[in-house]
Amino acid sequence: MENKYVFISYSSANKGIADATCHILEECGIPCWIAPRNIIPGKTWAGNIVQAIRDCSLMVLIYSEDSNSSSQVANEVDKAFSHGKIIIPFMVDSTPMNDDFDYYLSRKHWLVAYPDYKKMLMPLVEAVATNIGIEIQRPQSKVSNSISRKEVTAAIPQYEVAIETARKLLLNYEHDTAFAELIRPALDDYKEAQFLVRTILTTYSRMQRLNAFRFKYVKEKADSGNAFAQYMMCRYYTHIERNEGEAYRYANLCAAQGKSYGYLELSMAYEFATSVERSYLRAHELLDKAVNMDDPFAMMRLAKDNLYGWTRKRNPKRAFMLLKQCMEIGIPESFEVMGNMYNEGDGVECDRKRALELYQRALDEGYLEAYNSMAWYYLVNMETFQYRDDAEIQQGISLLRKGIEYGVAMCLSTLAYCHQEGIGVLKKTEQAFRWYKKAAEAGDPGSYFNIGCMYYYGNGCQENNAEAWKWFIRGSQIPFGSCFYQLGLMCQEGYGQDGKTVADCVDYYEESLRIGGGYASESALRLYNIFRTRPLETNPLMRDDENTYYYDWAPKDNHRAVNYLKQAAGMSDYSPKIYFKYGAILCTEGHGFTDEFEGIRYLKLAVEKGEPRAAVMLAQIYEKGELVDKDLEKAREYYQLAADKDCGDGYVGLAKGLCSQIMGTIDEPDGELPDIDKATKQKLIGQAYEYVCQADKLGCKAVCPLEETISAFMLEDELLTPAERNHLVEMNNKYARLGNLQCIVDRGVMFHIGRLTKPDVNKAIEAYQQAARLDKECAAKNLGDLYSGKEESLPAERQDKSTAAYWYEKDSSKDSQAISARLREEGHQVVINSEHVFYEKKTVGAYQVDIPLFMRPSLYIRFFQVAHLRVGQLC
């Protein structure tokens, strides 16, 4: 073959793998063509791709879930296939092929490269070389600038002693003394020493235990060009002296020497906007470069980013694979993080035994911060978020005290929290306050937040907004996301300090959301409520107390508001409220953000996390069968899930299901009542009554408890006790007084037909008039029927065809308009001042309305609104 080069086809999401593949192939003497590196300026992107595929010897396809869904990759494979090129699929995950790839590649030999693609790079090189007839040139051995505990370096006796001494010190959490032992061997490029130094400098709380004077010698070496010293000074200016300009300068100097740890620090500078404009794209590029150089701490950073969703979409499965590699290398923190995944069931099946094993392994590796995670393991059940029994809580308290003995600041902070809340120990807020201060001084970021909250709310100390602001500011400098949230809250509530106003809350909330953590979702919700318009929440299930506020100082921008929800939904704090809000918006129409299938996915996530309103909304979706196949049994299951969470709308849904069994298809044209025996009806109506009463007790957002159930109760009122009938009437009156039009109409129907109460045509007319004047057309029709004589309830002397014509005209249905026209032709003119017609106004008697949140703009007309059960045929 004349053109012996390889075309590498990949999805942009797999750029790191593609770059690593290109690197190993070219190191072995096999030229590669890869975009965007080989794109020739002046020609179109598509033109470059087509020519490169036409002239290549072979295509290597980086096959993954991302490439499987990429139309660009599919086009490249199609072009290679049409030109008869050899295609070697390099399979980096287990995603099944879609139909397009199945057509082109099902008969190809796949090179399975998961779970660790790096182990399959040389077999790929050999396969490529064999197919295109190139002899492999084995790359010369190089000294890697990544830092691995498995690397072998020159044995210097005094350094070996220093390493051994440092290891023993680290096991006792004596970081400053260990750091002193490690400085010289680390700066002399002793890899084991560099690895141990990085285990200290990667963690904020550990750095707070170091004496600043130890960096004087390090700075001299850094300024003379020592790359690892430049890395160390970057960390120093990030977390000890806090000088963003110097931190960025040293990171840049280190990266300029091609060091993986320099790329990692520069990546975080772009992520946190440290003296440079924030750019996640640039941060990802630099982090991927460090990972491809086998930097274990870069790999750890990438694993946590995938797990927590700091700067990219959460991918717990990828995080799991990366953490496994970090554990193999021996990064102590990786064992704790993996233990948390098993304890919380995040990306893996919940396994408490495995979690405990990993926590213990982290302790054995010298990561004594794992005492805190192990304590929480005994304190809280992460599946139910409930405190465990007293015996297990005491085990957790003992572990915290053990961690405190070693000086683990996080353990002191957690024990302070236990005293603040009275968990396993006596409740002592003053003591908690003192211990939080000690923990903060020892380097625990969360304690800054806790102290600030205690000052702000006057818990355990005197309320002091200035002091609260000071502690939140100190925590934000770490940076700790929850402190940014609380700064935003202080601004929003009018207590901002240092000249900060209400509008400044936006910047603080945005920073909290960007950093992530416990209050990221709450920050997203506040930002969403600040910028959204009220019509964005058309679904009544979405409305909560925040709807009573309107932030007129903020420019309204629904796109911005929804983007905050989307960003938070991709993070790791599992806020069911975020999932629900975002899913509900995607499942409603009229605002330009509709994406039903994605919305249903988020609603299901919210249900998994215990959000009952999401279960109600999914039940409604399955009832209607518009976005999914209609499935009443699944709808009932979702209503039950909501009811189990004490959601009134869930009980209404269950009651509605029972009542529909009683009603059958009677509401439909030519419908009929089902043939059910009295005992079954008694059971159904009794259970429905209990559900409705429970819904009334809990309260509802979507619909009032009787709105879609009262028909069945009226139909079978003889199966109810007098007390139950009276209760239903009073309940209906309550919602009528609150302004629910359907309940006002149903009040009229009750008195009209004498169900659930004694018949009273005057009260029926009063209720119908009330509803009709509020544009409830079915009530106008009922009045027309009464005054025209069509309904016999009204005595003949009170019937009035002119009044009937007036009310029929207010109902827009074809039948009512026809009757009104006929009556006018007969000479019965529409009158305004008839003794039977009240002037138009919005309040009548005791029923002064305040339209509630659960009212919908239009409701279907039930048969009871036009039927008289004492007359044989139902309309």
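Two strands pair if DSSP finds at least two bridges between them. The model used throughout these exercises is predicted.

**Exercise 1. The open sheet**

Task: Work out which strand follows which in the five-strand open sheet, and in what sense the strands pair.

Solution:
- Start with β4, residues 86-91. β4 and β5 (residues 111-112) are joined by two bridges, in the parallel sense. That meets the cut-off of at least two bridges. Within this pair, Met91 has Val112 of β5 as its bridge partner.
- Go to β3, residues 58-63. Six bridges link β3 and β4, again parallel. Here Met59 is partnered with Ile87 in β4.
- Next take β1 and β3. They run parallel and share four bridges. Phe7 has Met59 of β3 as its bridge partner.
- Finish with β2, residues 32-33. Two bridges connect β2 to β1, and the two run parallel. Phe7 stands opposite Trp33 in β2.
- Put the pairs together. The order is β2-β1-β3-β4-β5, with parallel pairing.
- Look at the edges. β2 and β5 each have a single partner strand, so one side of each has no neighbour in the sheet.
- Add the helix. α1 (residues 15-27) packs on the sheet and touches β1, β2, β3 and β4. The direction of α1 makes about 165° with that of β1.

**Exercise 2. Burial in two strands**

Task: Find which way the residues of β1 point, and say how many residues of β4 are buried.

Solution:
- β1 covers residues 6-9. Val6 and Ile8 point one way, and Phe7 and Ser9 point the other way.
- All four of these β1 residues are buried.
- In β4, five of the six residues are buried, so the strand is mostly covered.

**Exercise 3. An enclosed helix**

Task: Explain why helix α18 counts as largely enclosed, and name elements that cover it.

Solution:
- Count first. Helix α18 spans residues 332-344, and 12 of its 13 residues are buried. The helix is therefore largely enclosed by the rest of the structure.
- Check the side-chain types. The buried set includes Glu333, Glu336 and Asn340, along with Phe335, Val337 and Met338.
- Identify the cover. It includes α9 (191-201), α16 (296-308), α17 (316-329), α19 (352-364) and α20 (370-379).
- Step past the end. Gly345 follows α18 and has a positive phi, near 65°.

**Exercise 4. A helix pair**

Task: Classify the packing of α28 on α30, and describe the residues in the contact.

Solution:
- α28 is residues 520-531 and α30 is residues 576-586. Their axes lie 10 Å apart, at an angle of about 40°.
- The two helices are therefore oblique to each other.
- From α28 come Ser521, Ala524, Leu525 and Tyr528. From α30 come Lys577, Ile578, Lys581 and Ile585.
- By type, the contact holds five nonpolar residues, one polar and two charged.

**Exercise 5. The cores**

Task: Name the residues that touch the most other members of the largest nonpolar core.

Solution:
- The largest nonpolar core has 145 residues. Phe580, Phe713 and Leu756 touch the most other members.
- Follow Phe713. Leaving aside residues up to four places away in sequence, Phe713 touches Ile685, Ala688, Tyr689, Val692, Leu706, Leu720, Leu728 and Leu756.
- A second, separate core has 98 residues, among them Ala251, Ala290, Met300 and Ala355.

**Exercise 6. Backbone exceptions**

Task: Locate two cis peptide bonds and two residues other than glycine with positive phi.

Solution:
- Begin with the rule. Most residues other than glycine have a negative phi, and most peptide bonds are trans.
- The bond from Tyr114 to Pro115 is cis, with omega near 15°. Pro115 sits in the loop between β5 and α6.
- The bond from Ile478 to Pro479 is also cis, with omega near 5°. Pro479 is in the loop between α25 and α26.
- Tyr173 has a positive phi, near 65°. This residue lies in the loop between α7 and α8. Its relative accessible area is 2%, so Tyr173 is buried.
- Asp189 has a positive phi of about 70°. Asp189 is in the loop between α8 and α9. With a relative accessible area of 36%, Asp189 is partly exposed.

Note on methods
Residues numbered from 1 in each chain as written. Predicted model: local features only at pLDDT ≥ 70, side-chain atom pairs only at ≥ 80, totals over all residues. Heavy atoms only, no water. Core = buried A, V, L, I, M, F, W, Y, C linked by side-chain atoms within 4.5 Å. Buried < 20%, exposed > 50% of the residue type's maximum accessible area, 1.4 Å probe, protein only. Contact = heavy atoms within 4.5 Å. Axes fitted to C-alpha atoms, helices over the stretch in contact; angles between N-to-C directions. Parallel < 35°, antiparallel > 145°, perpendicular 65-115°, else oblique. Nonpolar A, V, L, I, M, F, W, Y, C, P; charged D, E, K, R; others polar.
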